[in-house]
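Let's take a walk through a protein model together. Keep the picture open beside you and turn it as you read.

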Amino acid sequence: MARLLLVALCLGAAAPVLAAEEKQQGFGRWQVEPRRCELTLFGQAPGPCSSVRLDQRNPSVLRFSWMAPLPQQDLLQEVSFVGERVSSGQPLRCSDGVCKLDGSVLLRVRLLRLAQFNPRGLVVGFPKTFPVAGTCDIDGPQARCDAQTQFGERWSAEADLP
């Protein structure tokens, strides 16, 4: 009887953990290396980017990140457009944190985040964050983001997906 009570208590204690893991199945990351990718940072000429990533951490907020090499500094620049999902449906099908794109995505961008990483993947300095207004979308094989700060600085990216 004591053993049965102990098993019941353990299962009862594990239930919230199992429920939390089950809820997390809809969230994670989708990443791809596009056929063509271009990133335009404010005040700079357009440059190539190496990958596009979409992170979903809750049902309505997405982070659309574009990675570009900075060869003269041996760094990787990450430009992230963060905002709320406008499109209906669930654009990402996720399992164990790995996602597949399942349809189009439309994002109302509210925040721009800039971060740099060294070759080992460690962040260099502090990421910078700016309030912006803009959109990101994936429609078929095309991905685009465009945002503007309150001072008129424009940031954009576009890619042809595989």
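**Bridges of sulfur, and a strand under cover**

The link between C94 and C99 is right-handed, with 100 degrees about the S-S bond. Before we go on, keep in mind that this is a predicted model. So what is this kind of link? A disulfide is a covalent bond between the sulfur atoms of two cysteines. In the case of C94 and C99, the S to S distance is 2.0 Å. Are these two cysteines buried or exposed? With a relative accessibility of 14%, C94 falls under the 20% cut-off, so C94 counts as buried. C99 counts as buried too, because its relative accessibility is 6%.

How many disulfides does the whole structure hold? A search turns up 3. Let's visit the other ones.

Find C37 and C49, which are joined by a disulfide with an S to S distance of 1.8 Å. This pair links distant parts of the chain: C37 sits in strand 2 (residues 36-40), while C49 lies in the loop between strand 3 (47-48) and strand 4, 12 residues apart. Which way does this link turn? The link of C37 and C49 is left-handed, with -90 degrees about the S-S bond. C37 has a relative accessibility of 10%, so C37 counts as buried. C49 is buried as well, with a relative accessible area of 11%.

Now look for C136 and C145, whose sulfur atoms are 1.9 Å apart in a disulfide. Why is this disulfide called right-handed? Because the torsion about the S-S bond of C136 and C145 is about 115 degrees. C136 counts as buried at 0% relative accessibility, and C145 counts as buried at 3%. If you count the bonded cysteines along the chain, the disulfides follow the pattern 1-2, 3-4, 5-6.

Next up is strand 4, which covers residues 51-56. How many of its residues are buried? The answer is 6 of 6, so you can think of strand 4 as mostly covered, because buried means under 20% relative accessible area. Look at where the residues point: S51, R53 and D55 go one way, V52, L54 and Q56 go the other way, and all are buried.

Which strands pair with strand 4? One of them is strand 1 (residues 28-32), which pairs with strand 4 in the antiparallel sense over 5 bridges. Here V32 stands opposite V52 in strand 4. Strand 5 (residues 61-70) also runs antiparallel to strand 4, and 6 bridges join the two. In this pairing, D55 stands opposite R63 in strand 5. To get from strand 4 to strand 5, follow the hairpin, which joins them through 4 residues.

R63 also leads us to our last stop, R113, since R63 is among the residues in contact with R113. You'll find R113 in strand 9 (residues 105-117). Is R113 buried or partly exposed? R113 counts as partly exposed, because its relative accessibility is 21%. Leaving aside neighbours within four places in sequence, its other contacts are E78, V79, S80, P127, K128 and T129. With E78 there is something extra to spot: a polar contact of 2.7 Å joins the side chains of R113 and E78. Finally, locate V82, which is 31 residues from R113 along the chain, and you'll see that their C-alpha atoms are separated by 7.7 Å.

Technical notes:
Residues are numbered from 1 along each chain as its sequence is written. This is a predicted model: local features need pLDDT of at least 70, side-chain atom pairs count only at pLDDT 80 or more; totals for chains, interfaces and linings use all residues. Side-chain values use heavy atoms; hydrogens and water are left out. Buried means under 20% relative accessible area, exposed over 50%, partly exposed in between (1.4 Å probe, protein chains only). Two strands pair if DSSP finds at least two bridges between them. A disulfide is a pair of cysteine sulfur atoms within 2.5 Å. Contact means heavy atoms within 4.5 Å. A polar contact is a pair of N or O atoms within 3.5 Å; within protein, one must be able to donate a hydrogen and the other to accept it, and residues adjacent in sequence count only if both atoms are side-chain atoms.
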